[in-house]
Amino acid sequence: SHGFMSLSSMPSMARLRPTNRQPMKCSAVDDAIMAKQKDLHETWQALSSKRAERADARAKLPPPDQGTQFVTMVFGGMLPSPTQTQDNAVRSEMAKMASTIEQIQQLRGERAAERAIIKEREDARDSFLKLCKSGPLNGVGASEDLQKEVLEAAKNLAELNPTPKQATSPLLDGSWELAFTTNEGPSAGKLGPFVGEVVQEVEAAGAVYRNKLLLFGGLIQAVLSATWNVLEEDRWEVIFQDIVFSVFGVEVWSKEFGAGRDADLDTLNSLADKDYQGSNTNGGFWDFSYTDKEVRVLYTTGVGKDPTKRSLFVLSRAKQ
């Protein structure tokens with residue numbers, strides 16, 4: 001009853017000037033770099049224009065006589081330039097370019113650091129998922145040592161979670177496959193003596209998800225439909241709606257859950273084992289600890305259950 005299935009000093013302009021090629025945007029830093037490169041390109045154009053204006057102004061100056069040449073040679077920079085306005089404009093644009101280039105270099109450093117963090121996180125995530133899949137299907141029957149190792153790794157991975165407000169993240173949308181759980185009931189894909197695949201389909205827009213337990217390649221299916229309420233940034237209250245059991249694509253049994261929270265959520269197990277003791281709630285709580293585009297990690301607790309005995313669930317994005 002856990003909500004699954006109870007169930008040089010100035011760099012080369014050629015490198016910094018924007019091109020028609022659209023670079024991949026992977027973060028806000030990339031967007032900031034693109035904006036600065038655009039600014040740099042515009043400043044470069046302005047500088048070229050100011051240099052052309054200065055050259056034109058200099059071309060219009062009368063040729064200096066010998067006296068003017070002597071004074072200029074002796075007093076040099078003490079005299080105002082006849083093209084001082086244009087000179088100042090050129091220097092101003094060059095200063096803008098130098099500042100923008102410095103900002104781009106700083107942003108590139110930030111991007112390199114960000115990519116290093118992303119790589120660290122993805123390596124940790126991939127290693128974690130590999131660990132989860134190193135045991136039996138869905139983790140059902142995993143050794144105590146493996147369970148402890150997965151639980152510890154899940155705790156460490158949570159510290160690298162990149163997604164704020166997981167309970168409302170659009171990353172939840174789509175189809176997910178169960179990789180590992182510490183649950184031992186239908187939520188783990190277990191039905192009597194059999195263990196099947198578990199696929200979860202989330203429709204965030206409609207606040208609906210479906211958990212599918214597939215046995216024998218989908219010849220036997222149990223589909224639990226549920227909705228949820230967002231309680232906190234990383235927490236759902238899950239409410240079951242109905243469950244449908246089918247064989248060879250033909251519905252053979254179904255049940256709707258009422259609002260009284262008195263339904264037996266583990267009816268599937270009761271079908272397989274008459275002595276099975278199910279729960280008496282029709283919902284539970286999900287606490288998300290890690291979410292990205294490929295992996296989700298969460299903990300589930302049944303209504304009225306001991307929160308210290310929650311179940312871990314690890315899901316990976318279903319391959320299309």
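Select E201 first: at 26% relative accessibility, this residue counts as partly exposed. The model is predicted, and the stops below follow its salt bridges, strands and cores.

**E201 and K212**

Add K212 to the selection. E201 forms a salt bridge with K212, and the closest N and O atoms are 3.1 Å apart. The pair links distant parts of the chain, with E201 in strand β4 and K212 in strand β5, 11 residues apart. K212 is partly exposed as well, with a relative accessible area of 23%.

**V202 and the largest core**

Move to V202. Leaving aside neighbours within four places in sequence, V202 is in contact with L172, D173, G174, W176, V208, Y209, W228, W236 and R296. V202 also belongs to the largest nonpolar core, which has 20 residues. To show the residues with the most contacts inside this core, select V202, Y209, W236, V238, F240, W286 and F288. Then colour by element: β1, β4 (197-203), β6, β7 (235-247), β9 (283-291) and β11 each give two or more residues to the core. Of these, β7 gives the most, with 4 residues. In soluble globular proteins, nonpolar side chains tend to be buried together.

A second, separate core has 17 residues, including A142, L146, A154 and V297.

**Strand β11 and its partners**

Select residues 311-317, which make up strand β11. Because 6 of its 7 residues are buried, β11 is largely enclosed by the rest of the structure. Which strands pair with β11? One is β1 (residues 174-181), which pairs with β11 in the antiparallel sense over 5 bridges. Within this pairing, label F180, which stands opposite V314 in β11. Another is β10 (residues 295-302), also antiparallel to β11, with 6 bridges. Here the residues to label are Y299 and L312, as Y299 stands opposite L312 in β11.

**A nonpolar patch on the surface**

Turn on the surface and select F194, F216, L219 and F248. These residues form a nonpolar patch with about 460 Å² of accessible area together. L219 lies in the loop between β5 (208-215) and β6 (220-232). L219 is partly exposed, at a relative accessible area of 41%.

**Salt bridges in the helices**

A search of the whole structure finds 12 salt bridges. Two further ones are worth a stop.

Select D30 and R115. Their closest N and O atoms are 3.8 Å apart, and the two residues form a salt bridge. This pair links distant parts of the chain: D30 sits in helix α2 (residues 28-59) and R115 in helix α4 (residues 84-132), 85 residues apart. Is D30 buried or exposed? D30 is buried, with a relative accessible area of 2%, whereas R115 is partly exposed at 41%. Add R111 to the view, since D30, R111 and R115 are linked in a network of salt bridges.

Finish at helix α5 (residues 144-158). Here K148 forms a salt bridge with E144, the closest N and O atoms being 3.4 Å apart. K148 and E144 are 4 residues apart in this helix, so about one helical turn separates them. K148 counts as exposed at 51% relative accessibility, and E144 counts as exposed at 55%. Side chains of opposite charge can pair when their charged atoms come close.

Conventions. Residues are numbered from 1 along each chain as its sequence is written. This is a predicted model: local features need pLDDT of at least 70, side-chain atom pairs count only at pLDDT 80 or more; totals for chains, interfaces and linings use all residues. Side-chain values use heavy atoms; hydrogens and water are left out. Buried means under 20% relative accessible area, exposed over 50%, partly exposed in between (1.4 Å probe, protein chains only). Two strands pair if DSSP finds at least two bridges between them. Patches are made of residues with over 30% relative accessible area and no salt bridge: like charges are joined within 9 Å, nonpolar side chains (Val, Leu, Ile, Met, Phe, Trp, Tyr) within 5 Å. Accessible areas come from the Shrake-Rupley method with a 1.4 Å probe; for residues, only the protein chains shown count as cover. A salt bridge is a side-chain nitrogen of Lys or Arg within 4 Å of a carboxyl oxygen of Asp or Glu. A nonpolar core is a set of buried Ala, Val, Leu, Ile, Met, Phe, Trp, Tyr and Cys residues joined through side-chain atoms within 4.5 Å. Contact means heavy atoms within 4.5 Å.
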